[in-house]
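Would you like to learn how to read a protein model step by step? Here is a short conversation between a learner and a teacher.

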Amino acid sequence: MPRLSGVVSLEETLANRRSIREYTDEPLTIEELAQLLWAAQGISETRHGFRTAPSAGATYPLEVYAVIAPQGVLAGDMFLEPGSYRYLPHSHTLVQVRRGDLVEELYHAALEQEWVREAPVNLVFTAVYERTTRRYGARGVRYVHIEVGHAGQNVYLQAVALGLATVAIGAFHDEAVREIIGAPEEEKPLYIMPVARPAWRYRLDPRELAEYIERRRG
Ligand SMILES: Cc1cc2nc3c(=O)[nH]c(=O)nc-3n(C[C@H](O)[C@H](O)[C@H](O)COP(=O)(O)O)c2cc1C
């Protein structure tokens with residue numbers, strides 16, 4: 001079950017959120033992965049099945065995948081089988097889509113960005129535009145792009161709260177990524193977010209911020 005409370009305040013997650021691209025090689029735990037997925041697209045209302053990120057007309061165009069590296073995620077004392085998995089928000093479960101080490105392929109599809117190769121988990125957001133454009137026409141395309149931003153920010157903030165690191169990646173070959181994760185043709189990848197334990201942590205110094213703001217007030 002997702003955790004619904006924590007010890008890091010929203011203000012701290014906002015202040016200390018940074019795109020981090022240097023990681024240790026330690027695995028994530030299945031609990032951490034589950035929490036990140038819940039933050040991305042999990043259920044937070046049980047009457048209609050509404051989610052942690054808002055959606056235009058509750059059309060929910062987004063799908064979330066996790067590409068898991070060999071020895072990337074610990075479930076108890078066993079590692080999850082490497083491959084791609086799709087997140088099912090309503091049952092809060094992962095379903096394996098493709099088996100095997102997909103990380104090297106994903107790294108190449110993401111223009112050889114090292115942080116994709118180094119992370120034990122890469123979350124991939126895809127969208128089925130039709131779910132939203134069916135209702136809103138061409139404007140639905142804008143809504144889908146806004147939505148993935150909401151979901152991506154949720155992942156950033158949840159990562160900070162868990163002491164993990166991530167970075168939003170928009171530069172990659174769409175079709176290659178879709179094939180690597182095993183998504184159907186109607187789904188278009190929009191974001192890759194590597195998640196890992198950080199090699200260093202960003203902490204905003206409150207005095208530095210106060211000085212920064214004061215200086216600009218003249
Ligand atoms: C739409 C979008 C696409 C991005 N694409 C990449 C990317 O392909 N690779 C990368 O390393 N960072 C990417 N970033 C992260 C930005 O470089 C980063 O947010 C920016 O430098 C500000 O740093 P901060 O996130 O620590 O505030 C992307 C960010 C956004 C919002």
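The dialogue below goes through the sheets, the helices and the ligand.

Q: What kind of model is this?
A: This is a predicted model.

Q: How do the strands of a sheet pair?
A: Strands in a sheet pair through backbone hydrogen bonds, and the pairing is either parallel or antiparallel. Here, one open sheet has six strands in the order E6-E5-E2-E7-E9-E8, and the pairing is antiparallel.

Q: Which strands stand at the edges of that sheet, and why is one side of each left without a neighbour?
A: The edges are strand E6 (93-99) and strand E8 (165-166). Each has a single partner strand, so one side of each has no neighbour in the sheet.

Q: Over how many bridges do E5 and E6 pair?
A: Strand E5, residues 83-88, pairs with E6 over six bridges in the antiparallel sense. To find one of the bridges on your screen, look for Tyr-85, whose bridge partner in E6 is Gln-96.

Q: Which strands does helix H2 lie across?
A: Helix H2 (residues 30-41) lies across strand E2 (62-68), E5, E6, strand E7 (121-127) and strand E9 (188-196). Its direction is at about 160° to E2. Helix H6 (residues 139-161) also packs on the sheet, where it touches E2, E7, E8 and E9. The direction of H6 makes about 5° with that of E9.

Q: What is the order of the strands in the sheet with mixed pairing?
A: That open sheet is formed by three strands in the order E1-E3-E4. Strand E1 (28-29) and strand E4 (78-79) are its edge strands, each pairing on one side only. For the parallel sense, look at E1 and strand E3 (residues 73-75), which pair over two bridges. Leu-28 has Val-73 as its bridge partner in E3.

Q: Now for the ligand: how many residues surround it, and which are the closest?
A: There are 13 residues around the ligand, and the closest are Arg-17, Arg-18, Ser-19, Arg-21 and Gln-113. By type, the shell divides into seven nonpolar, three polar and three charged residues.

Q: Where do polar atoms of the protein lie relative to oxygen and nitrogen atoms of the ligand?
A: Arg-17 has a polar side-chain atom 2.8 Å from an oxygen atom of the ligand. For Trp-115, a polar side-chain atom lies 3.2 Å from a ligand oxygen atom. With Gly-170 the backbone takes part: one of its polar atoms is 3.0 Å from a nitrogen atom of the ligand.

Q: What percentage of the ligand's accessible area does the protein cover?
A: On its own the ligand has 630 Å² of accessible area, and the protein covers 56% of that.

Methods: Residues numbered from 1 in each chain as written. Predicted model: local features only at pLDDT ≥ 70, side-chain atom pairs only at ≥ 80, totals over all residues. Heavy atoms only, no water. Pairing = 2+ DSSP bridges. Helix = DSSP H or I, 4+ residues; strand = E, 2+ residues; numbered from the N terminus. Contact = heavy atoms within 4.5 Å. Axes fitted to C-alpha atoms, helices over the stretch in contact; angles between N-to-C directions. Near = heavy atom within 4 Å. Polar contact = N/O pair within 3.5 Å; in protein donor to acceptor, adjacent residues only side chain to side chain. Areas by Shrake-Rupley, 256 points an atom, 1.4 Å probe, with all protein chains shown as cover. Nonpolar A, V, L, I, M, F, W, Y, C, P; charged D, E, K, R; others polar.
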